[in-house]
Amino acid sequence: VNYHTARYTISAAKVSQCPTDQCAEVAFAGRSNAGKSSAINALTQQSKLARTSKTPGRTQLINFFSLKNPQGPDATPLFLVDLPGYGYAKVPVAMKLDWQAHISDYLADRQSLKGLVLLMDIRHPMTEFDQILVDWCVDAQMPLHILLTKADKVNRGPAMSLLAKLRRELGERMGDLLTIQVFSSLKKTGVEQLALQLDNWLLG
Ligand code: GTP
Ligand code: MG
């Protein structure tokens with residue numbers, strides 16, 4: 001897939017507003033500020049495609065970006081999906097629950113979802129909600145690709161040991177469902193590895 005072809009399609013406030021559930025898509029999930037929108041921009045080489053912000057909680061809707069299917073215009077529509085971040089403390093509780101309900105509805109309903117990309121700040125891995133998403137993937141037998149983001153903020157040694165530790169611990173539960181890598185949108189580290197994984201899911 002040429003990720004450079006990504007185009008903004010629609011922002012859905014609820015699952016019923018998502019594109020017809022007959023496509024192939026991958027969703028980017030993770031804590032607010034983990035770097036989901038930045039990763040989509042790095043992948044698509046479009047610095048302004050997904051809105052990023054220093055203020056956590058920027059992405060509040062389920063944003064769909066269409067991709068050109070290399071199999072031709074009549075082939076299955078392909079999408080990247082930018083999910084709202086979770087765990088942003090400053091948002092009122094009711095709104096927080098609302099978002100999390102949207103994410104769970106989306107995950108529970110969406111037949112088109114081929115895999116979940118879970119982003120974690122490499123300095124703050126496996127928060128409580130990250131754990132919930134991992135458990136959900138195990139239950140649903142949903143392929144999971146973890147990005148340890150902002151790798152530019154830490155040294156290579158500690159990054160590699162965290163990678164090995166998570167690969168071992170989560171790999172025990174998930175086997176082939178799990179892949180994991182380090183990533184930096186700033187330095188463009190790991191973009192090619194991410195693209196190869198998404199190709200597997202979207203076209204495989
Ligand atoms: P929400 O939409 O609130 O859920 O956040 P998000 O996960 O989409 O995060 P976003 O991409 O908006 O990035 C949050 C902040 O982290 C921004 O200030 C980015 O510039 C910064 N950031 C994202 N990726 C990286 C990275 O790889 N390295 C560094 N150093 N900063 C990054
Ligand atoms: Mg965002």
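1. Ser11 has Asn63, in strand E3, as its bridge partner. The strands involved, E1 and E3, run antiparallel and are joined by five bridges. Asn63 also stands opposite Asp82 in E4.

2. This is a predicted model. The protein chain has a mean pLDDT of 91, with 92% of its residues at 70 or more. The scores for the model are ipTM 0.99 and pTM 0.94.

3. On its other pairing, E3 (residues 62–67) meets E4 (residues 78–82) in the antiparallel sense, over five bridges. Besides the Asn63 position, Phe65 has Leu80 of E4 as its bridge partner. Strand E3 is mostly covered, five of its six residues being buried.

4. The sheet as a whole is open and made of seven strands, ordered E1-E3-E4-E2-E5-E6-E7, with mixed pairing. Its edges are strand E1 (7–12) and strand E7 (178–182); each has a single partner strand, so one side of each lacks a neighbour in the sheet. From one strand to the next, the twist averages 20°.

5. Two helices should be described together with the sheet. Helix H3 (residues 128–140) lies across three strands, namely E2 (24–30), E5 (113–121) and E6 (144–149), and runs at about 155° to E5. Helix H5 (residues 191–203) also packs on the sheet, where it touches E2, E4, E5, E6 and E7. The direction of H5 makes about 135° with that of E2.

Conventions. Residues are numbered from 1 along each chain as its sequence is written. Chains are lettered from A and ligands numbered from 1 in the order in which they are written. This is a predicted model: local features need pLDDT of at least 70, side-chain atom pairs count only at pLDDT 80 or more; totals for chains, interfaces and linings use all residues. pLDDT is the predictor's confidence in each residue, from 0 to 100. Two strands pair if DSSP finds at least two bridges between them. Helices (H or I, at least four residues) and strands (E, at least two) are DSSP runs, numbered from the N terminus. Axes are lines fitted to C-alpha atoms, for helices over the stretch in contact, and angles run from 0 to 180 degrees between N-to-C directions. Two residues are in contact if their C-beta atoms, placed from the backbone, lie within 7 Å. A residue is buried if 20 or more other C-beta atoms lie within 10 Å of its own, exposed if 12 or fewer, and partly exposed in between; C-beta atoms are placed from the backbone.
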